[in-house]
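Here is a friendly walk through one protein model, with the cut-offs spelled out along the way. Please have a look at the sequence and the fold before reading on.

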Amino acid sequence: MAKDSQTPLDDELAREEREAAPQAETVEGELEDAIEGADQAAAEAEAADNPEAEVLAARVEELEQSVAEAKDQAMRAAAEAQNVRRRAEQEAEKARKFALEKFVKELLPVIDSLEKALESMGDEASEAHIEGVSMTLKMQHDVMAKFGVEVVEPHGEPFDPQYHEAMAMVPNPEMEPNTVMDVMQKGYLLNGRLVRPAMVVVSQAAG
């Protein structure tokens, strides 16, 4: 039996099928490329979030914390060094100011003797003698003042236990209680620090 010949319609359908085949292959290739690109992007994202990156980030944070701690320790050390230097300067200044304290204490009895000698001089003493002792005493006081020694002579002032030593309490209605009535021995300061307290008689309320 002879094969039926194709009609023009069949020829048109065959031609369309032949033209559509390459287009399908092209679309399929494009889909495969898109899938491959998506897989690659996912792999890159996974690589960016891998454990090694997390370890490195943790190490960086640890190093930053160490640097901050080192800076803090350096600042503390600098502050401590400054405090040590300041204390050393204060100690040196104190040593300089009060290096003469022992010498001043040894010299005070000499001044006391000159003052008593001047007070005890009567009419029989010559004017030259009195003037000589007075000048010697003044020179002593001037030298002491030059090196920061001050006299504590609180007659008529309120009694201050920091600078005065009470030798007696005497009732005196003419003075306020706890007032220095008499100075038995002068006191002295060296650059503001007490070397010897003034020995005084203090008033108290009568009755």
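A salt bridge here is a side-chain nitrogen of Lys or Arg within 4 Å of a carboxyl oxygen of Asp or Glu. By that rule the structure holds eight salt bridges. The model is a predicted one, so local features need pLDDT of at least 70 and side-chain atom pairs count only at pLDDT 80 or more, while totals for chains, interfaces and linings use all residues. Residues are numbered from 1 along each chain as its sequence is written, and side-chain values use heavy atoms, with hydrogens and water left out.

**Overall layout**

Four helices and six strands make up the secondary structure of the protein; helices (H or I, at least four residues) and strands (E, at least two) are DSSP runs, numbered from the N terminus. From that end, the elements run α-α-α-α-β-β-β-β-β-β. Of the 207 residues, 17% are buried, where buried means under 20% relative accessible area, exposed over 50%, and partly exposed in between (1.4 Å probe, protein chains only).

**Salt bridges**

Three of the bridges are listed with their N to O distances.

| Acid | Base | N to O distance |
|---|---|---|
| Asp72 | Arg76 | 2.9 Å |
| Glu80 | Arg87 | 3.5 Å |
| Glu101 | Arg193 | 2.7 Å |

Arg76 and Asp72 are four residues apart in helix H2 (residues 51–98), so about one helical turn separates them. Arg76 is exposed, at 57% relative accessible area, whereas Asp72 is partly exposed at 35%. In the pair of Arg87 and Glu80, Arg87 is partly exposed at 44%, and Glu80 is partly exposed at 42%.

Which parts of the chain does the salt bridge between Glu101 and Arg193 tie together? Glu101 lies in helix H3 and Arg193 in strand S5, so the pair links parts that are 92 residues apart in sequence. Glu101 counts as buried at 17% relative accessibility, and Arg193 as partly exposed at 35%. Shared partners join Glu101, Lys105 and Arg193 into one salt-bridge network.

Arg193 also lies over the face of Phe98, 3.6 Å from the ring centre. A charge sits over a ring if NZ of Lys or CZ of Arg is within 6 Å of the ring centre and within 35 degrees of the ring normal.

**Nonpolar core**

A nonpolar core is a set of buried Ala, Val, Leu, Ile, Met, Phe, Trp, Tyr and Cys residues joined through side-chain atoms within 4.5 Å. The largest one has 15 residues, of which Val104, Leu108, Met144 and Val149 touch the most other members. H3, helix H4 (127–146) and S4 are the elements that give two or more residues to this core, and H3 provides the largest share, with five residues.

**Loops**

Most residues other than glycine have a negative phi. Asn178, which is not a glycine, has a positive phi of about 65°. Asn178 sits in the loop between strand S2 (164–171) and strand S3 (180–185) and is partly exposed at 44% relative accessibility. Asn191 has a positive phi too, near 50°. The loop holding Asn191 runs between strand S4 (187–190) and strand S5 (193–196), and Asn191 is partly exposed at 34%.

Glu157 belongs to the loop between strand S1 (149–152) and S2, with a relative accessible area of 39%, which counts as partly exposed. Glu157 and Thr179 are 22 residues apart in sequence, yet their C-alpha atoms are 5.7 Å apart in space.
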